[in-house]
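Dear colleague,

I am passing on the structure we spoke about, and would be glad if you could open it alongside this message. My notes on what was found follow below it.

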Amino acid sequence: MKDLVTGDAVVLGLRPAKLPSRALALVIDLVVAWTAYLLVSVAVVLSSGALDEAAVTALGIASFLLVLVGGPIAVETLSHGRSLGKLACGLRVVRDDGGPIRFRHALVRGAVGVVEILMSFGVVGCIASLVSARGRRVGDVFAGTLVVRERVPAGRSATVPPPPPWLVGRFAELDLSGVPDGLWLDIRQYLTRMDQLDAGVGLGMAERLADELAERTGTPAPQEVPAAAYLAAVVHERQARDARRAFGGPGGSSGGVVGDGGFPHDASRAPVPAVPTPAAATGDGPTGSSASSRPSATSSSAPQSSPSSPSSSPPSPTGFAPPA
């Protein structure tokens, strides 16, 4: 699926950071880290006068590991990929699929960075970043991460369209642990650019992505849900889970109340009331089935058209037309 959509879009259409901006951010981080290390080393020397040489050496090694290795790992984990240098340069570390990094990603980046940056004085990292198409160093490759630019012109950002309201929360029980990061990236690239694709090509691409996503989750995609809407709803569900995990919110609240992150968790369990049609208001036709779980896209007085025709439904504010 890697050749479905080309480009480098991630969660918010952010652009991969190139070597100059990454090098500047790294210099700032190294200046801060080495300053902290020197201060800690001076404090260790002043406080270890009564210790023997072996103990002083052990304290020096421990200070090096804690400050120059553990410090960046802790900062990237707690700040979700934004160290002081990256914050100053408008950069952030994200996963390959655009999601927020976790401790394991920061740990791999920090461990590889000892050899790639500290021991080689950044030569290995610079060469790897120049060779990589997305400016990734060796630590990013092993950790499955990417450094992106956050401060970009507003006109260049492309957001993932929200799913239709009647699909929000419907896939709350879906197991997403088996979906690889590469597939998430392909899905997000398609959703952010589907308006630029030919209708037939976009439909076929959405169906292939939906089939692969259903295979990875082990749950068949609903037949009555359009493939693009299904993809948007599942991506929305994963973003909601990432937001709850990152900010420590509860899993949700009962009764359809909006949970943390602004996502209604129980919307799929309550049927959406049918929207009255103009014919119902004048008594000229039926009002539509009250058992329907989605609002009707056309009134009873409108001409009948094929359910599969894209023009049979008015455009939805979310970019997806509800099924007929």
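The notes begin with the chain as a whole and then turn to one helix and one strand residue.

Please keep in mind that this is a predicted model. The chain holds ten helices and three strands, which run β-α-α-α-β-α-α-α-β-α-α-α-α from the N terminus on. Of its 324 residues, 40% count as buried, and the chain exposes about 17,200 Å², of which carbon and sulfur atoms supply 65%. Among contacts between residues at least 6 apart in sequence, 68% join residues at least 24 apart.

Helix α2 covers residues 53-78, and because a helix should rise 1.5 Å a residue, its 26 residues should span 38 Å, which agrees with the 35 Å between its end C-alpha atoms. There is nevertheless a kink of about 45 degrees at Gly 70, shortly before the proline Pro 72. The buried residues of α2 include Val 67, Leu 68, Val 69 and Ile 73, along with Ser 63 and Glu 76, and the buried residues of this helix pack against α1 (19-47), α3 (84-89), β2 (91-95) and α4 (103-119). Just after α2, His 80 takes a positive phi of about 60 degrees.

Thr 145 lies in strand β3, residues 145-149, and counts as buried because its relative accessibility is 0%. Its side chain makes a polar contact of 2.8 Å with the side chain of Asp 140. Leaving aside neighbours within four places in sequence, Thr 145 is in contact with residues including Val 93, Val 94, Arg 95, Asp 96, His 105 and Arg 136.

With best regards

Notes
Residues are numbered from 1 along each chain as its sequence is written. This is a predicted model: local features need pLDDT of at least 70, side-chain atom pairs count only at pLDDT 80 or more; totals for chains, interfaces and linings use all residues. Side-chain values use heavy atoms; hydrogens and water are left out. Helices (H or I, at least four residues) and strands (E, at least two) are DSSP runs, numbered from the N terminus. The expected span of a helix is 1.5 Å times one less than its number of residues. The bend at a residue is the angle between axes fitted to the seven residues ending there and the seven starting there. Buried means under 20% relative accessible area, exposed over 50%, partly exposed in between (1.4 Å probe, protein chains only). Contact means heavy atoms within 4.5 Å. A polar contact is a pair of N or O atoms within 3.5 Å; within protein, one must be able to donate a hydrogen and the other to accept it, and residues adjacent in sequence count only if both atoms are side-chain atoms. Accessible areas come from the Shrake-Rupley method with a 1.4 Å probe; for residues, only the protein chains shown count as cover.
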